[in-house]
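Work through the following exercises with the coordinates open, and try each task before reading its solution.

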Amino acid sequence: MFTQVFPGMKPEIHTILLFGVDQAGRTTPSTTIEVFTRPYALTTVSGIIMPPTLALSSSAINQGDPVTVSGNAIPDRKVIIFSEPPLNSYEVYADIAGQYSFTISDTAGLDFGDHKVYAFVQDEFGGQSLMSHSAFFKVVDSSSGNEGEPPTWDISQGDLNGDTGVNLADFAILLYYWGSTRPEADINGDGLVNLADFSIMMFYWEG
């Protein structure tokens with residue numbers, strides 16, 4: 001809960017931008033309010049429920065592996081966490097220091113690809129904060145892990161089948177390994193077959 005006294009402000013309407021920073025340097029989304037200040041009076045702004053900060057333990061997991069959501073919120077208050085797709089919600093209470101942590105373990109049924117996590121804080125009266133910043137993780141295909149061998153030809157321009165062209169045949173290979181860590185389709189060599197590799201392929205596309 002945010003409370004602040006602003007002394008000596010001019011008697012007019014002021015726009016105040018608020019955001020929080022936790023011990024790890026993570027920020028909350030900003031909250032903007034307008035305040036009219038009276039002359040020769042202290043102005044108190046209070047009762048604002050700040051959103052939680054939020055981070056994930058991993059940016060890529062295999063199906064069935066857990067991912068932990070953690071951050072800071074109002075001490076002893078409920079944090080409601082959402083993940084999607086599909087939309088699921090989880091509840092956890094921040095401790096007396098305002099820290100919270102929750103492990104999402106039901107990931108076996110998640111589709112391969114990107115998933116989003118976000119949260120809000122609820123006070124004892126049911127009041128809610130704005131949503132936190134979103135964090136993202138990717139579910140990769142563990143059955144097609146990193147056991148493959150890199151091709152003997154240069155795939156940095158998207159030629160995945162080695163025929164010196166970039167076309168539908170290469171695109172089919174990219175889709176087959178999508179979301180995996182297989183080097184046969186990891187065009188940019190970052191350890192994951194994803195949108196970055198697709199973008200490179202499209203740049204060199206010949207049809």
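**Exercise 1.** In this predicted model, find which backbone atom the side chain of threonine 53 reaches, and decide whether threonine 53 is buried or exposed.

*Solution.* Begin with the side chain of threonine 53, which comes to 2.8 Å from the backbone nitrogen of asparagine 72, a distance that falls within the 3.5 Å limit for a polar contact. Next, place the residue in the fold: threonine 53 belongs to the loop that runs between strand 4 (43–48) and strand 5 (55–56). Then take its relative accessible area, which is 2%; because buried means under 20%, threonine 53 counts as buried. Finally, list the partners beyond four places in sequence, among which are Asp22, Arg26, Ser70, Asn72 and Tyr100.

**Exercise 2.** Determine which residues touch the most other members of the largest nonpolar core, and which elements give two or more residues to this core.

*Solution.* The largest nonpolar core holds 22 residues, and those touching the most other members are Val69, Val79, Ile81, Tyr100 and Phe137. Two or more residues come from each of strands 7 (67–72), 8 (78–84), 9 (88–93), 10 (99–104), 11 (113–122) and 12 (135–140). Apart from this core lies another, of 9 residues, including Val166 and Tyr177.

**Exercise 3.** Describe the largest pocket by its volume and by the residues of its lining.

*Solution.* The volume of the largest pocket is about 230 Å³. Its lining consists of 14 residues, with Met50, Pro51, Asn72, Ala73 and Ile74 nearest the centre; sorted by character, the lining has 8 nonpolar, 5 polar and 1 charged.

How values were computed:
Residues numbered from 1 in each chain as written. Predicted model: local features only at pLDDT ≥ 70, side-chain atom pairs only at ≥ 80, totals over all residues. Heavy atoms only, no water. Helix = DSSP H or I, 4+ residues; strand = E, 2+ residues; numbered from the N terminus. Buried < 20%, exposed > 50% of the residue type's maximum accessible area, 1.4 Å probe, protein only. Polar contact = N/O pair within 3.5 Å; in protein donor to acceptor, adjacent residues only side chain to side chain. Contact = heavy atoms within 4.5 Å. Core = buried A, V, L, I, M, F, W, Y, C linked by side-chain atoms within 4.5 Å. 1 Å grid on protein atoms, 1.4 Å probe; cavity = no way out; pocket = protein on both sides within 12 Å on 5 of 7 lines; lining within 4 Å. Points joined across faces, edges and corners; volume = space filled by probe spheres on them. Nonpolar A, V, L, I, M, F, W, Y, C, P; charged D, E, K, R; others polar.
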